[in-house]
Amino acid sequence: MTSYPTAVCGSCKQPVIWTVTDKSKRMPVDAQPTADGTVALTVAGSQVRSRVVEAKFRFGRRDLHKAHFSSCPQAKTWRRR
């Protein structure tokens, strides 16, 4: 299992991994992989990169993470419009 640098969510204090998406946006993901995760992580240089895995390719994978936006109870306070 790959180890990624973690930080702490400013709201719920849970461990997160800060990633960069395919669209060059910063996105926090939950530090622990989960059976219902949708996000794959890779390392490119010094960045942790994230991409959403299509549903048909998720079956049986144990290395996928959840976007922290979907699991943080305080996510609405951080959302930009």
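The following paragraphs examine two polar residues and one aromatic ring in a predicted model.

Thr19 lies in strand S2, which spans residues 15-20. Thr19 has a relative accessible area of 1%, and because burial is defined as a value under 20%, this residue counts as buried. Its side chain is engaged in two directions. A polar atom of the Thr19 side chain lies 2.8 Å from the backbone oxygen of Met27, and the side chain also makes a polar contact of 2.8 Å with the side chain of Ser50. Leaving aside residues up to four places away in sequence, Thr19 touches Lys25, Arg26, Met27 and Val29, together with Leu41, Val48, Arg49 and Ser50.

Asp30 belongs to strand S3, made up of residues 26-30. Asp30 is buried yet takes part in no salt bridge. Why is there no salt bridge? The nearest side chain of opposite charge, that of Lys66, is 5.9 Å away, whereas a salt bridge requires the nitrogen and the carboxyl oxygen to be within 4 Å, so the criterion is not met. The side chain of Asp30 does make a polar contact with the side chain of His68, at 2.5 Å. Beyond residues up to four places away in sequence, the residues that Asp30 touches are Pro15, Ile17, His65, Lys66, His68 and Ser71.

The aromatic ring is that of Trp18. The charged end of Arg26 sits over this ring, 4.5 Å from its centre. Arg26 is also among the residues touched by Thr19. As for pairing between aromatic rings, the structure contains zero such pairs.

Methods:
Residues are numbered from 1 along each chain as its sequence is written. This is a predicted model: local features need pLDDT of at least 70, side-chain atom pairs count only at pLDDT 80 or more; totals for chains, interfaces and linings use all residues. Side-chain values use heavy atoms; hydrogens and water are left out. Rings of Phe, Tyr and Trp (its six-membered ring) pair if their centres lie within 6.5 Å; planes under 30 degrees apart count as stacked, over 60 as edge-to-face and the rest as tilted. A charge sits over a ring if NZ of Lys or CZ of Arg is within 6 Å of the ring centre and within 35 degrees of the ring normal. Helices (H or I, at least four residues) and strands (E, at least two) are DSSP runs, numbered from the N terminus. Buried means under 20% relative accessible area, exposed over 50%, partly exposed in between (1.4 Å probe, protein chains only). Lys and Arg count as positive and Asp and Glu as negative; His and the chain ends are not counted. A polar contact is a pair of N or O atoms within 3.5 Å; within protein, one must be able to donate a hydrogen and the other to accept it, and residues adjacent in sequence count only if both atoms are side-chain atoms. Contact means heavy atoms within 4.5 Å.
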